[in-house]
Amino acid sequence: MVLSFRKNLNIGNWVETNGYAGEVIDINLNYFVIREADNNMVVLPNKTILENPFKNYSLTTKMRISIECGVEYGADLKKVEKLTTETIRKNFNQDEIGKKVEFYFTEFGDSSINFLCRFR
């Protein structure tokens with residue numbers, strides 16, 4: 001009952017809590033139901049939701065996307081950075097919204113040089 005009166009949690013919201021993430025499809029007196037991205041239903045007791053933190057992605061209009069990837073050791077790293085950032089800039093309208101694409105090489109992995117790319 002308490003969950004149905006919470007302003008920051010509604011049917012149709014995309015939430016993450018207790019190791020599960022999905023769309024809220026039902027809130028009732030005893031439990032809370034979310035549909036995960038793979039279409040599985042997760043039923044959680046209301047007590048679990050009330051006593052633990054949750055993220056409600058539907059309350060935010062903009063998100064930062066992080067992509068972690070790797071390239072072979074022989075790759076031209078300047079070209080990898082340029083190609084990655086230009087592709088994201090063009091396909092996700094970064095110039096139009098005035099946001100910069102962040103790109104960082106993060107580590108030497110077992111078989112690749114890994115990088116992180118972030119954008120909004």
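**Ile34, two nonpolar cores and an aromatic pair**

Me: Which residues does Ile34 touch, not counting residues up to four places away in sequence?
Reply: This is a predicted model, in which local features need pLDDT of at least 70 and side-chain atom pairs count only at pLDDT 80 or more, while totals for chains, interfaces and linings use all residues. Residues are numbered from 1 along each chain as its sequence is written, and side-chain values use heavy atoms, with hydrogens and water left out. With contact taken as heavy atoms within 4.5 Å, Ile34 touches Val15, Tyr20, Ala21, Gly22, Glu23, Val24, Ile25, Asn40, Met41 and Val42.

Me: Is Ile34 buried or exposed?
Reply: Ile34 is found in strand β3, where strands (E, at least two residues) are DSSP runs numbered from the N terminus. Buried means under 20% relative accessible area, exposed over 50% and partly exposed in between, using a 1.4 Å probe and protein chains only. Because its relative accessible area is 0%, Ile34 counts as buried.

Me: How far apart in space, C-alpha to C-alpha, are Ile34 and Asn13?
Reply: In sequence, Ile34 and Asn13 are 21 residues apart. In space, the C-alpha to C-alpha distance between Ile34 and Asn13 is 9.3 Å.

Me: Which elements give two or more residues to the largest nonpolar core?
Reply: A nonpolar core is a set of buried Ala, Val, Leu, Ile, Met, Phe, Trp, Tyr and Cys residues joined through side-chain atoms within 4.5 Å. The largest one has ten residues, including Ile34, Val15, Val24 and Val42. The elements that supply two or more residues to this core are β2 (20-27), β3 (31-35) and β4 (41-45).

Me: How many residues are in the other core, to which Phe103 and Phe115 belong?
Reply: This core lies apart from the largest one, and among its residues are Ile88, Phe103, Ile113 and Phe115. The number of its residues is nine.

Me: What kind of aromatic pair do Phe105 and Phe115 form?
Reply: Rings of Phe, Tyr and Trp (its six-membered ring) pair if their centres lie within 6.5 Å, and planes under 30 degrees apart count as stacked, over 60 as edge-to-face and the rest as tilted. This rule gives a count of five aromatic pairs. For Phe105 and Phe115, at 6.2 Å centre to centre and 75° between the planes, the pair is edge-to-face.

Me: Which strands hold Phe105 and Phe115?
Reply: Phe105 is partly exposed, with a relative accessible area of 33%, whereas Phe115 is buried at 6%. Ring pairs also link these two with Phe103 into a cluster. Phe105 and Phe115 are ten residues apart, and their strands are, respectively, β7 (residues 102-108) and β8 (residues 113-119).

Technical notes:
Helices (H or I, at least four residues) and strands (E, at least two) are DSSP runs, numbered from the N terminus.
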